[in-house]
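Trainee: Please take me through this structure, one point after another. I will ask, and you reason.

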Amino acid sequence: MSLADTTKNNPMSTESKLPPVSIVIFGATGDLVWRKLAPALYNLLLNQQLPEHFAVIGIGRKNESSDEFRLRLRDGANSFCECGGADEKTWSGFAPNLSYISGDFADPATYAALDKQLKTHEKKWGTPANHIFYLATPPSIVGTIVKGLGAADLAQDKQRVRIVVEKPFGHDLASAVALNAVLTTVFDETQIYRIDHYMGKETVQNILAFRFANVLFEPIWNRRYIDHVQITVAEQVGVEHRGAYYEHAGALRDMIQNHLIQILTLIAMEPMVSFDANEIRNKKVDVLRAIRPISKEQVQEVAVRGQYGAGLMEGQKVPAYRSEPGVATGSSAETFAAIKLSVDNWRWQDVPFYLRTGKRLKTKASEVTIQFRPVPHQSFPKAAALAWQPNRLIIHIQPQEGILLRFQAKQPGSTLHLSPVDMHFSYQEAFKSKSPEAYETLLTDVMSGDATLFMRADQVEASWSVLTPILNAWADLKPVDFPNYQSGTWGPEAADVLIAQDGRSWLQPILREDQEGNQAQRSIESTSAQS
Ligand code: BG6
């Protein structure tokens, strides 16, 4: 999102203007590095978007050589890079910049070895470099690493040193506050980049452009015209090999606390005065502070949880969550959550925001639906308006990326019949290029020092505050009906009831073919969550 970096995502660019950098990844033998960071870094190199002088230093407790580390990163690039895999020539330019230090995070010798390595690079390049410490580790280890970096004087330079912290950012409000306190004993807030990869998605960032670079939508973006907002992040995958983590997280912590609430803030925030990281973050925090606190007694009315049972996913049998590796047979972890939030301010009073997410749902689709109010007076004869639907704006975040506007049109013919039709903007069709992967965007932003897309401490804490009553209520009262939805459906029936009690229903994404025969997303009215 950096304005200064003119080369980014520019197919014409031949060279990045980013300053020299050493990226130090703690937890370098983990899944995130293999699956996300390695392919993103490789693709950035391929597109000439890494600085001329760069190094990646992996640190982990595992006894591994730099050659083994390189092999694993190459495997990650081969398996997950949008580019289709690492080619020999580019890889041979990449590999010499990768190295691995094996060491205990609590041992000062680890940081001494790191310091030595950082200095070696700078000596070779003949110039000081920025240092990015990327913590791809569980939150429980963050304090140890931060202290280690502080004690080794590796965090002192406020301009050149940055720290990136992966989610989960705490387990609840108290642990997030404690984590922020630990980080700020050594780093300034300006050095801290709390990552939420949804903010790196092109369509999520486009919400700001759509709202504030056009004159058409902002005048109707309020309670006078909008009936309600739905934010859905539906996944087809199950918990995969992350059962042990998920048992302590659940969908509310794993998805809603960060990804869905971030999307909500972009939809609900007031216009920013300037395109400045703190200005945008201030506006987002204002939204979080305006979310109506939920009392313990209200939790049942505004929050629903679910857990998947066995079922069929596209014709294939899949196991129940409780049969996944690392999961307790009587687990209470929710793999589905739906909540209703109210934003108490002039713009959004009485406009509910319905958020839902789940694993093993029918379709993979992330989207935001803005449902507008009915026309104030229906002038057309009843028979003409039988198929009438309210206006709807759907922001497709993934897998297709685009925006759909639904409005009424007259059906051709001598009889007057109204019918809903769609105007569709597709990123791929409009720009004829693939959007960068979220991690590519976010890594570039950290390298250029642009914190706009990253969470500030108060944002994270405000988000936990919103969810604390639900977390507490769910912890106090174990679910008795789990598993309560079959894999391959739209979640538990209680989620239908949550929205139906307000006289509304979920809008289910369905797949359609676009003009080129690719599958594209479209939304229709839901009939039942189980359908
Ligand atoms: C992660 C969650 O943050 O986001 C995962 O921990 C989830 O459980 C993933 O599967 C979804 O991300 P995406 O980009 O595939 O929608």
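**Loops, burial and the ligand shell**

Trainee: In which loop is Q156 found?
Mentor: Fix the elements beforehand. Helices are DSSP runs of H or I with at least four residues, strands are runs of E with at least two, and both are numbered from the N terminus. Q156 is found in the loop between α5 and β5.

Trainee: What kind of model is this?
Mentor: Residues are numbered from 1 along each chain as its sequence is written, and side-chain values use heavy atoms, with hydrogens and water left out. Local features need pLDDT of at least 70, side-chain atom pairs count only at pLDDT 80 or more, totals for chains, interfaces and linings use all residues, and the model is predicted.

Trainee: Is Q156 buried or exposed?
Mentor: Buried means under 20% relative accessible area, exposed over 50%, and partly exposed in between (1.4 Å probe, protein chains only). Q156 has 54% relative accessibility, so Q156 counts as exposed.

Trainee: How far apart are the C-alpha atoms of Q156 and F187?
Mentor: Along the chain, these two are 31 residues apart. In space, their C-alpha atoms are separated by 7.8 Å.

Trainee: D153 has a positive phi; what is its value?
Mentor: D153 is found in the loop between α5 (139-151) and β5. Most residues other than glycine have a negative phi. D153 is not glycine, yet its phi is near 60 degrees.

Trainee: And E314, is it buried or exposed?
Mentor: E314 has its place in the loop between β9 (308-313) and β10 (316-318). Its phi is near 45 degrees, a positive value in a residue other than glycine. The relative accessible area of E314 is 70%, so E314 is exposed.

Trainee: What is the omega of the cis peptide bond from K167 to P168?
Mentor: Most peptide bonds are trans. P168 has its place in the loop between β5 and α6 (173-186). The bond from K167 to P168 is cis, with omega near 5 degrees.

Trainee: Which residues are around the ligand?
Mentor: The cut-off is a heavy atom of the residue within 4 Å of the molecule. K167, from that cis bond, belongs to the shell. The others are H197, Y198, K201, E235, R242, D254, M255, H259, K359, K364 and Q398.

Trainee: How does that shell divide into nonpolar, polar and charged?
Mentor: Ala, Val, Leu, Ile, Met, Phe, Trp, Tyr, Cys and Pro count as nonpolar, Asp, Glu, Lys and Arg as charged, and the others, Gly among them, as polar. The shell holds two nonpolar, three polar and seven charged.

Trainee: Which helix gives the most to the shell?
Mentor: Look for the element with three residues in the shell. That is helix α8 (residues 243-268).

Trainee: How much of the ligand's accessible area does the protein cover?
Mentor: Start with side-chain N or O atoms and the ligand's oxygen atoms: 2.4 Å for Y198, 2.8 Å for R242 and 2.7 Å for H259. Accessible areas come from the Shrake-Rupley method with a 1.4 Å probe; for residues, only the protein chains shown count as cover. On its own, the ligand has 400 Å² of accessible area, and the protein covers 82%.

Trainee: Which residues does Q262 contact, leaving aside neighbours within four places in sequence?
Mentor: Q262 has its place in helix α8. At 3% relative accessibility, Q262 counts as buried. Contact means heavy atoms within 4.5 Å. By that rule, Q262 touches D196, M199, K284, M455 and Q459.

Trainee: Why is helix α12 largely enclosed by the rest of the structure?
Mentor: Its buried residues include Y439, L442 and M447. They pack against β1 (21-26), α1 (31-46), β4 (130-135), β5 (161-165), β6 (192-194) and α7 (202-212). Helix α12 (residues 438-448) is largely enclosed because its buried residues number 10 of the 11.

Trainee: What is the phi of G449?
Mentor: G449 comes just after α12. Its phi is positive, about 75 degrees.

Trainee: What is the torsion about the S-S bond of C81 and C83?
Mentor: A disulfide is a pair of cysteine sulfur atoms within 2.5 Å. C81 and C83 are joined, S to S 2.3 Å. C81 counts as buried at 7% relative accessibility, whereas C83 is partly exposed at 30%. The disulfide is right-handed because the torsion is about 130 degrees.

Notes: A polar contact is a pair of N or O atoms within 3.5 Å; within protein, one must be able to donate a hydrogen and the other to accept it, and residues adjacent in sequence count only if both atoms are side-chain atoms.
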